[in-house]
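Reader: I would like a close look at one part of this model, the sheet, together with what packs against it. Please take it step by step and keep to what can be computed from the atoms.

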Amino acid sequence: MSAVALRPCVPADARRCAEIFRSSIEELAAEDYDADQREAWASRADDEQAFGARLANALTLLAVIDGTIAGFASLKGGEEIDMLFVDPEFARQGVGRALVDALTRLAGARGAKRLTAEASDVAKPLFERQGFTAQKRNLVRKGDQWLANTTMTKPLDAAPPPTKH
């Protein structure tokens, strides 16, 4: 298995991120959400310009393996993991873990006291392994479908202030 490298998302990456978003929902969420639910959820990437704007309006990191974008995650407002999606080809290879770990460290370094995620049923075990705890179950509307997710939080230790010499 090759190492996961991280880099910032740039506008030219929006199309690849939209592809990952769709394929991740269609393939990895198939056991947790029915076809209509997955279609309603994945359709949020149909407007590539709006999808790219959503990526740009957050701190979005890409996970890259051997030159291929394998996944992405975004930190919105400094304390919320807004999106976390992994290409099914790279699932269970540490991509999600690397992205959550990086966003956790960035949020902590920026002074966040806790990190929140609205985790899909597919992503919930990953967040649990990363130290997040479930707070409540939610029903969210995507188009004409209702999907369940879980609000999860993780307390962060604020970075110590720099020492003066």
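Author: A residue counts as buried when its relative accessible area is under 20%, and as exposed when that area is over 50%. The model is a predicted one. Ser 24 has a relative accessibility of 9%, so it counts as buried. Ser 24 belongs to helix α1, which covers residues 14-28. Apart from neighbours within four places in sequence, its contacts are Ala 29, Phe 85, Val 86 and Pro 88. One of these, Phe 85, leads into the sheet, as the bridge partner in β4 of Phe 72.

The sheet itself is open and has seven strands, in the order β1-β2-β3-β4-β5-β7-β6, with mixed pairing. The edge positions are held by β1 (5-8) and β6 (133-142); each has a single partner strand, so one side of each has no neighbour in the sheet. From one strand to the next the twist averages 30 degrees.

Consider the pairings in turn. Strands β3 (residues 68-76) and β4 (residues 80-86) run antiparallel and are joined by six bridges. Further along, β5 and β7 are also antiparallel, with seven bridges between them. In that pairing, Leu 115 is opposite Lys 154 of β7. The antiparallel pair β6 and β7 has nine bridges. Within it, Arg 137 has Thr 150 of β7 as its bridge partner. These two strands, β6 and β7, make a hairpin with two residues between them, and Gly 143 in the turn has a positive phi of about 60 degrees. Strand β7 is mostly covered, with nine of its eleven residues buried.

Next come the helices that pack on the sheet. Helix α2 (residues 35-42) touches β4, β5 (114-120), β6 and β7 (145-155), and its direction makes about 65 degrees with that of β7. Helix α3 (residues 48-56) also packs on the sheet, touching β2 (59-65), β3 and β4; the angle between its direction and that of β4 is about 125 degrees.

Helix α3 meets α1 as well: their axes come within 9 Å and cross at roughly 95 degrees. The two helices are therefore roughly perpendicular. On the α1 side the residues involved are Ala 14, Arg 15, Cys 17, Ala 18 and Phe 21, and on the α3 side Glu 48, Phe 51, Gly 52 and Leu 55.

Cys 17, in this group, is buried, with a relative accessible area of 0%. The sulfur of Cys 9 is 4.3 Å from that of Cys 17, its closest cysteine sulfur, and this is too far for a bond. The cut-off for a disulfide is a pair of cysteine sulfur atoms within 2.5 Å. A search of the whole structure finds zero disulfides.

The buried nonpolar residues can be followed next. The largest nonpolar core has 26 residues, and those with the most contacts inside it are Ile 81, Leu 84, Val 95 and Phe 127. At least two residues of this core come from each of β2, β3, β4, α4 (95-109), β5 and α5 (124-129). Helix α4 supplies the largest share of the core, six residues. Phe 127, leaving aside neighbours within four places in sequence, is in contact with Ile 81, Leu 84, Val 100, Ala 117, Ala 119, Phe 132 and Met 152. Another core, of 20 residues, lies apart from the largest one and has Phe 21, Tyr 33, Val 64 and Phe 72 among its members.

Two loop residues complete the picture. Most residues other than glycine have a negative phi. Asp 66, however, has a positive phi, near 50 degrees. Asp 66 lies in the loop between β2 and β3, and is exposed at a relative accessible area of 63%. Arg 92 likewise has a positive phi, near 60 degrees. Arg 92 is in the loop between β4 and α4, and is exposed, with a relative accessible area of 78%.

How values were computed:
Residues are numbered from 1 along each chain as its sequence is written. This is a predicted model: local features need pLDDT of at least 70, side-chain atom pairs count only at pLDDT 80 or more; totals for chains, interfaces and linings use all residues. Side-chain values use heavy atoms; hydrogens and water are left out. Two strands pair if DSSP finds at least two bridges between them. Helices (H or I, at least four residues) and strands (E, at least two) are DSSP runs, numbered from the N terminus. Axes are lines fitted to C-alpha atoms, for helices over the stretch in contact, and angles run from 0 to 180 degrees between N-to-C directions. Contact means heavy atoms within 4.5 Å. Buried means under 20% relative accessible area, exposed over 50%, partly exposed in between (1.4 Å probe, protein chains only). A nonpolar core is a set of buried Ala, Val, Leu, Ile, Met, Phe, Trp, Tyr and Cys residues joined through side-chain atoms within 4.5 Å. Angles under 35 degrees count as roughly parallel, over 145 as roughly antiparallel, 65 to 115 as roughly perpendicular and the rest as oblique.
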